[in-house]
Amino acid sequence: MKLLENKWALITGSSRGIGQQIAMGLAERKCNIIVHARKAENADKTIGLLKPYGVKTHVVTGVLDSVEGVEGIIRAVEALPVKLDILYNNAAIMSKWQPMWQIPQAEWLRVFQTNLCAMVQLCTAFAPGMKERGFGRIINLTSGIKDNPELTPYSVSKAAVDKYSRDLAYELR
Ligand SMILES: NC(=O)c1ccc[n+]([C@@H]2O[C@H](COP(=O)([O-])OP(=O)(O)OC[C@H]3O[C@@H](n4cnc5c(N)ncnc54)[C@H](OP(=O)(O)O)[C@@H]3O)[C@@H](O)[C@H]2O)c1
């Protein structure tokens, strides 16, 4: 697929799970990959899995659960000798399974920071450059979760991701 050939994609949370599969799927289409994980060693397995595809790779590290952590990730990407073409906001955390009335406020803030606010920060950092260069793709991963009040910080954060993504799409139409 020529569209993705030699492009650069950052996939948050690509050290395992769905993010790792996305990295391999894009690499199969000859897209170069910036693997993201919390620690460099967490990215080793994905980097190994990407080798057979012959694409170029970089690793960036940092946490999404704080504004400063996301700023560090943005700085690390900007310091690379490449321009970002594709931002794949994959990483998210599940909230702790607990009765609705016992969910602490801190849990809401932790989940919203990681699943929504970090995504907004990354889109805000990278979308204008994509627009200026005349090419860009942003994918925000959501979830079909519903009717699980015990996981409501997670499901509400994903509903917010849906709404944010619709507004972002309109802005970039
Ligand atoms: N799994 C499902 O059944 C399912 C269903 C619907 C939607 N989804 C969505 O799919 C996406 C991926 O889910 P998954 O199940 O593949 O996730 P996962 O296996 O738990 O992987 C999470 C990834 O996010 C990174 N991560 C976790 N906490 C982080 C933090 N605080 N700061 C920075 N990075 C962090 C991890 O990095 P480290 O390796 O460094 O820890 C890892 O790479 C999420 O958006 C999720 O909501 C998943």
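A pocket, in the sense used here, is an open set of grid points, computed over the protein atoms alone, that has protein on both sides within 12 Å along at least five of seven lines. In this predicted model, the largest pocket has a volume of about 530 Å³, while the second largest pocket holds about 210 Å³ of space.

The lining of the largest pocket is made up of 23 residues, and those nearest its centre are Gly 13, Arg 16, Ala 91, Ala 92 and Ile 93. Two or more residues of this lining come from each of the elements α1, β2, α4 (105-133) and α5, with α1 giving the largest share, namely three residues. By residue class, the lining of the largest pocket comprises nine nonpolar, nine polar and five charged residues.

The space of the largest pocket is the space taken by the ligand. The ligand is surrounded by 23 residues, the closest of which are Ser 15, Ile 18, Arg 38, Asn 90 and Tyr 154. Within this shell, at least two residues are supplied by each of α1 (17-28), β2 (32-37) and α5 (152-171), and the shell residues divide into nine nonpolar, ten polar and four charged.

Individual polar atoms of the protein approach the ligand from both the backbone and the side chains, as the following distances show. At Gly 13, which is also among the residues nearest the centre of the largest pocket, a polar backbone atom is 3.2 Å from an oxygen atom of the ligand. A nitrogen atom of the ligand is approached by Asp 65, a polar side-chain atom of which lies at 3.0 Å. For Lys 158, the corresponding distance between a polar side-chain atom and an oxygen atom of the ligand is 2.8 Å. Taken alone, the ligand exposes 900 Å², of which the protein buries 76%.

The second largest pocket, with its space of about 210 Å³, is lined by 14 residues, and Met 130, Gly 136, Arg 137, Ile 138 and Leu 172 are the closest to its centre. At least two residues of its lining are supplied by each of α4, β5 (137-140) and α5, and the largest share, four residues, belongs to β5. The residues lining the second largest pocket fall into eight nonpolar, four polar and two charged.

Apart from the pockets, the structure contains one cavity of 30 Å³ or more, and the volume of the largest cavity is about 40 Å³. The largest cavity is lined by Thr 12, Leu 64, Asn 89, Ala 91, Thr 114, Asn 115, Ala 118, Met 119 and Leu 122. Of these residues, Ala 91 also appears among those nearest the centre of the largest pocket. Helix α4 makes the greatest contribution to the lining of the largest cavity, giving five residues. In terms of class, this lining contains five nonpolar and four polar residues but no charged ones. Helix α4 therefore recurs in the account, given that this element, as defined from DSSP runs, supplies two or more residues to the lining of the largest pocket, at least two to that of the second largest pocket, and five to that of the largest cavity.

Key
Residues numbered from 1 in each chain as written. Predicted model: local features only at pLDDT ≥ 70, side-chain atom pairs only at ≥ 80, totals over all residues. Heavy atoms only, no water. Near = heavy atom within 4 Å. Polar contact = N/O pair within 3.5 Å; in protein donor to acceptor, adjacent residues only side chain to side chain. Areas by Shrake-Rupley, 256 points an atom, 1.4 Å probe, with all protein chains shown as cover. 1 Å grid on protein atoms, 1.4 Å probe; cavity = no way out; pocket = protein on both sides within 12 Å on 5 of 7 lines; lining within 4 Å. Sits in = over half its atoms within 2 Å of the grid points. Nonpolar A, V, L, I, M, F, W, Y, C, P; charged D, E, K, R; others polar. Points joined across faces, edges and corners; volume = space filled by probe spheres on them.
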